[in-house]
Structures are given as C-alpha cells and as structure tokens.
Amino acid sequence: MRIAVLAVQGAFAEHEKMFSQMGIETIELRQKSDITQDFDGLVLPGGESTVQGKLLRELDMYDGLKEMIRQGMPVLATCAGLILLAERLSNDDRSHFATLPVCVRRNAFGRQLGSFHYRGTIKGIGEFPMEFIRAPYIETVSPEVEILAEVNGHIVAVRYQNQLAAAFHPELSQDIRFHQMFLDSFRKP
Amino acid sequence: MKDRQYELNKELAQMLKGGVIMDVTTPEQAKIAEEAGACAVMALERIPADIRAAGGVSRMSDPKMIKGIQEAVSIPVMAKCRIGHFVEAQLLEAIEIDYIDESEVLSPADDVYHIDKTKFRVPFVCGARDLGEALRRINEGASMIRTKGEPGTGDVVQAVRHMRMMNSEIARISAMREDELYETAKELRVPYELVWYVHQNHRLPVVNFAAGGVATPADAALMMQLGAEGVFVGSGIFKSGNPRKRANAIVKAVTNYTDARLIAELSEDLGEAMVGINENEIQLLMAERGK
C-alpha cells in the first residue's frame with residue numbers, strides 16, 4: 001500500500017508523518033513524472049488553494065489526477081484540499097478538480113484571528129480535535145453526499161464515493177483516526 | 001486560551017511551507033503576486049531596495065494601503081512593524097493582519113527590547129541570523145522565523161550565511177549530551193526548554209523561511225536545499241525586468257527545488273534581475289538591527 005501526497009505547497013509533510021506513524025509508505029507528487037508511479041490513495045493537503053490549483057495545472061498534473069479521482073482513486077482532502085475537490089466555490093469564480101458535489105466558502109471563518117480549535121464529533125469516529133486555520137466550510141451539498149461533521153451549523157467534513165474531505169486539519173492533531181478511516185475505506189480486509 | 005492561539009499561529013506558518021511570500025506595495029502588485037502563485041504577500045509602502053535608496057526613517061505602512069491589499073487578494077496578508085514598536089503591532093492586529101513581521105528592514109523603534117509578542121493574538125514572524133536570535137524571538141512569542149539575510153541587496157550571501165549558521169548550531173546542539181544543554185541555554189540567553197526542544201527534534205520549534213537577498217529561481221532553490229521551509233522574496237521581484245514571469249519561476253523553483261533541469265528551464269528569458277548591491281558596497285547592515 002502506497003499513498004501519494006500532493007507536495008506542490010503546504011502542509012504535506014504532516015500527512016506523510018501521520019502515515020509513516022501508521023506504517024504506511026508515502027510518495028510526493030511535485031511534477032508530472034511523479035504521477036506515473038503506482039499508488040493506492042491520494043492526499044490533497046492544507047496550504048494555499050490558489051497556489052496549489054495553479055501549480056497543479058502548470059506542472060501538468062491536473063488532468064491526470066482529475067481522471068484518477070473520477071475513476072475512483074481514494075482521496076483524502078484537508079482544508080485547501082477540500083477547496084480543490086469542490087465542484088463550486090461560493091466566493092471565488094475558480095474551481096479546480098470539481099469532483100465533489102458541494103459548494104465551499106473559502107476563508108469562511110475570516111482571517112487568522114478567526115482561526116480556532118474545536119472538539120467536535122465526526123460520524124463513525126466520535127469526538128475529535130479539529131484545527132481550523134483560515135478554514136473554509138461547506139455551504140451546500142448534493143443529496144448523495146454524506147455529512148460527517150458540523151461546527152455551529154456549518155458542514156466541515158463529508159464523504160462522497162471515493163472522496164473524504166475535511167475543512168480542518170486532522171494531520172495537525174496527534175489523532176490518527178481520521179487517516180485510519182480513510183485507509184479503512186479502501187483497504188482490502 | 002492564549003497557548004491555543006499560539007498553536008494556531010504556528011500552524012498557519014505550517015500551511016505556508018513550500019511557498020513563496022512576496023513583498024508588494026500596491027493592490028495591483030498583490031494581485032500579480034497572487035496570480036503568480038505567492039502563498040502570502042507582505043504589504044509595505046516601499047520595498048527594501050527603495051528604503052535603502054531613500055534613507056531616512058522607515059515606518060509601518062499606511063493602514064489604508066494595507067487594507068487595500070487585504071481586499072485585493074484571498075491569500076494571507078502580512079505587514080511589517082518596527083522592532084520594539086508594540087503600538088504599530090497593535091494597529092496591525094486591529095486591522096486583522098494575518099501575520100506581523102517585526103522587521104529589521106524598518107528603522108528600529110527600540111534598541112534594547114523587542115515586542116512582547118506573547119501579548120498578542122495575531123502571529124509574528126521575526127528575522128534571525130543564528131540559532132540564539134531565533135530562539136530569543138520564539139521565547140518572546142514569534143511563531144515563525146526567517147533568516148535576516150540582507151534585504152534590498154539582491155545578494156544572497158547573508159541569507160546563506162544565516163541559514164548555514166542556524167543549521168550548524170542545530171546540529172551541534174543535537175549532538176550534545178543532555179547535561180551540556182544547560183550551559184548552552186545560558187550562552188544563547190534562552191530558556192532550557194527551547195534548547196531541549198532543538199536537541200530532541202533537530203529543528204526549530206517553529207517554521208523557518210529564508211529571506212533577504214533572494215533574486216533568482218536558483219537563489220530560492222539554493223535556500224530550499226540548505227533547509228529553508230519556504231522563501232520570502234522582497235525587492236527581487238518587483239525590482240526586476242519581468243515581475244510576473246520571475247515570480248512564477250521562483251514559485252515553481254521552490255516546489256521542485258532539487259530538479260536542476262526544470263529550474264534551468266524556468267531561469268530562461270526572465271529579463272533583467274534586480275541590479276543588486278554587494279555586501280561590501282553597502283553602508284547600512286539591516287541584519288545588525290535587533291539581536
């Protein structure tokens with residue numbers, strides 16, 4: 001089992017560390033030749049979605065990865081990653097992979113002074129420490145999208161087919177359960 | 001609650017890693033920077049090269065100009081205050097800046113004390129030439145560090161010197177016996193706990209960027225290969241012939257900092273780099289401000 005982490009910008013090392021603690025091998029995707037390697041799951045980490053979205057295209061990984069996600073490649077997306085997956089952004093004309101039928105608001109809790117920590121509940125996991133850093137939230141979802149967590153009435157984690165996405169940063173916590181849930185969703189028993 | 005905010009502030013710096021933070025002086029430049037792939041912008045009235053040329057006292061920028069930039073872009077906006085000028089910092093916090101740079105680029109307001117950054121909710125980044133400076137700033141509440149380099153010169157030599165100095169001191173402390181850490185804490189004038197953290201983790205407790213004198217994609221990749229977690233580019237972009245193209249090339253060079261073939265391609269036809277001044281030609285060493 002090998003997980004590929006998009007490593008064009010942002011907190012990709014934190015995801016790699018998380019998987020390494022779980023005994024899972026990771027590789028980094030920084031340019032087109034990287035995506036031809038074999039991997040079983042994809043991680044879209046936190047960072048700046050504008051930068052990541054731009055580099056994805058200009059370093060020629062966008063089409064290849066989008067096709068893989070469409071074909072069912074399991075994806076774990078956090079914060080900026082959620083923005084990359086969202087079909088629509090309510091306060092931005094851009095969209096990126098647009099494979100997740102939700103509408104996301106960028107910087108939805110405001111600037112850095114609006115960043116916060118919250119002990120919320122994730123469906124299937126229970127109580128979980130959530131770090132929101134200039135975070136987005138999900139405004140609306142298509143009916144077939146499963147809502148996994150909400151904070152003050154805002155949707156912050158969802159699952160849709162092969163895509164698992166959160167507005168917060170499980171990779172910054174010491175808690176492996178969200179990453180475990182991702183692996184369990186496709187790991188052969 | 002305060003500690004919680006400090007954690008969140010360190011985490012914002014983690015999100016900036018692998019990215020380029022660009023100095024901008026107008027909303028138009030901020031837009032160009034964002035489109036070129038900057039992960040944040042530093043709003044300031046004059047870029048360091050112009051501050052150097054103009055001389056005189058250099059202060060925090062006009063809040064209206066900073067707000068204009070905040071409105072123009074969706075990425076984090078940083079701004080500089082003078083070393084020790086905690087009221088300038090209060091003003092920047094009041095307009096909800098995402099990061100304050102307590103910066104040697106501006107004229108210091110206090111030649112003894114830095115700002116007590118633990119009194120703020122908004123995060124601070126500070127410059128450092130060596131490990132002692134870095135840990136002293138962290139002890140005062142900085143949640144991100146950058147090398148000082150020598151701003152506004154286009155000469156990378158000092159950024160390299162500062163990064164190497166920091167790395168070699170981290171290596172030295174990592175190799176020490178635990179009973180030697182107490183003396184090191186005294187030498188560096190920092191609490192034992194910070195020295196112990198470096199000893200255990202072989203790194204600073206916060207994210208560390210390179211800054212000061214980065215002018216080309218190769219400069220940026222050099223700093224990344226030397227261990228920087230991201231790069232600040234000040235005068236290097238908007239003092240060059242083709243800012244948009246150069247900014248874009250530096251961003252990609254930071255992402256693929258070990259791919260020489262790609263960086264060579266990126267370095268083609270960038271137009272004129274900022275002219276630059278050599279270290280020994282300058283009168284004013286900004287890096288000597290605030291130790």
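**Contacts, pockets and cavities in a predicted two-chain model**

Once neighbours within four places in sequence are set aside, His199(B) touches Ile173(B), Ser174(B), Met176(B), Glu178(B) and Leu181(B). The model described here is a predicted one. His199(B) belongs to helix α9 of chain B, and with a relative accessible area of 9% the residue is buried. Helix α9 (192–201) of chain B also appears in the account of the largest pocket, since at least two residues of the lining come from this helix.

It is worth turning to that pocket next. The volume of the largest pocket is about 820 Å³. Its lining comprises 26 residues, and the closest to the centre are Glu14(A), Lys17(A), Gln174(A), Gln14(B) and Tyr197(B). Both chains contribute elements: α1 (12–21) and β8 (126–132) of chain A, and α1 (2–16) and α9 (192–201) of chain B, each provide at least two lining residues. In terms of chemical class, the lining of the largest pocket holds 11 charged residues, alongside nine nonpolar and six polar ones.

Closed spaces are present as well. Three cavities of 30 Å³ or more occur in the structure. The largest cavity encloses about 180 Å³, and 24 residues line it, with Asp23(B), Pro48(B), Pro151(B), Gly212(B) and Gly234(B) nearest the centre. Two or more lining residues come from each of β4, β8 (231–233) and α11 (235–238) of chain B. The lining of the largest cavity splits by class into nine nonpolar, nine polar and six charged residues.

The second largest cavity has a volume of about 110 Å³. Of the 13 residues around the second largest cavity, those nearest its centre are Gly47(A), Glu48(A), Cys79(A), Asn107(A) and Arg134(A). Here α4 (80–85) of chain A and α1 of chain B are the elements that give two or more residues to the lining. Seven nonpolar, three polar and three charged residues make up the lining of the second largest cavity. Helix α1 of chain B thus features in the lining of the second largest cavity and in that of the largest pocket.

Chain B as a whole can now be considered. Its secondary structure amounts to 13 helices and eight strands. Chain B has a radius of gyration of 18 Å, close to the 19 Å given by the globule rule for 291 residues, so the chain is as compact as a globular protein of that length. Along the principal axes, the C-alpha atoms of chain B occupy a box of roughly 55 × 45 × 35 Å. Of the 291 residues in chain B, 62% are buried. Among contacts in chain B between residues at least 6 apart in sequence, 66% link residues at least 24 apart. The accessible surface of chain B is about 11400 Å², and carbon and sulfur atoms account for 50% of that area.

Helix α2 of chain B, spanning residues 27–36, offers a view of local packing. Its buried residues are Gln29(B), Ala30(B), Ile32(B), Ala33(B), Glu34(B) and Ala36(B). An α-helix has 3.6 residues a turn, so residues three or four places apart point the same way. The cover over the buried residues of α2(B) includes α2 (49–58) of chain A, as well as β1 (20–24), β2 (40–43), α4 (63–72), α11 and α12 (243–255) of chain B. Helix α11 of chain B is thus part of this cover and also supplies residues to the lining of the largest cavity. Just after α2(B), Gly37(B) adopts a positive phi of about 105°.

Several loop residues complete the picture. Arg121(B) sits in the loop between β4 (99–103) and β5 (124–128) of chain B, and is partly exposed at a relative accessible area of 39%. Apart from neighbours within four places in sequence, Arg121(B) contacts Leu113(A), Gln5(B), Asn9(B) and Glu93(B). Although 112 residues separate Arg121(B) from Asn9(B) in sequence, their C-alpha atoms are 8.4 Å apart in space.

Positive phi values also occur in residues other than glycine, including Glu96(B), with phi near 60°. Glu96(B) lies in the loop between α5 (86–94) and β4 of chain B, and a relative accessibility of 36% makes Glu96(B) partly exposed. In chain A, Asn152(A) has a positive phi near 50°. Asn152(A) falls in the loop between β10 (146–151) and β11 (154–160) of chain A, and at 62% relative accessibility this residue counts as exposed.

Terms used: Residues are numbered from 1 along each chain as its sequence is written. Chains are lettered from A and ligands numbered from 1 in the order in which they are written. This is a predicted model: local features need pLDDT of at least 70, side-chain atom pairs count only at pLDDT 80 or more; totals for chains, interfaces and linings use all residues. Side-chain values use heavy atoms; hydrogens and water are left out. On a 1 Å grid over the protein atoms alone, a cavity is a set of points where a 1.4 Å probe fits but cannot get out, and a pocket is an open set with protein on both sides within 12 Å along at least five of seven lines; lining residues have an atom within 4 Å of a point. Grid points are joined across faces, edges and corners, and a volume is the space filled by probe spheres set on the points. Helices (H or I, at least four residues) and strands (E, at least two) are DSSP runs, numbered from the N terminus. Ala, Val, Leu, Ile, Met, Phe, Trp, Tyr, Cys and Pro count as nonpolar, Asp, Glu, Lys and Arg as charged, and the others, Gly among them, as polar. The radius of gyration is taken over C-alpha atoms; the globule rule is 2.2 Å times the number of residues to the power 0.38. Buried means under 20% relative accessible area, exposed over 50%, partly exposed in between (1.4 Å probe, protein chains only). Contact means heavy atoms within 4.5 Å. Accessible areas come from the Shrake-Rupley method with a 1.4 Å probe; for residues, only the protein chains shown count as cover.
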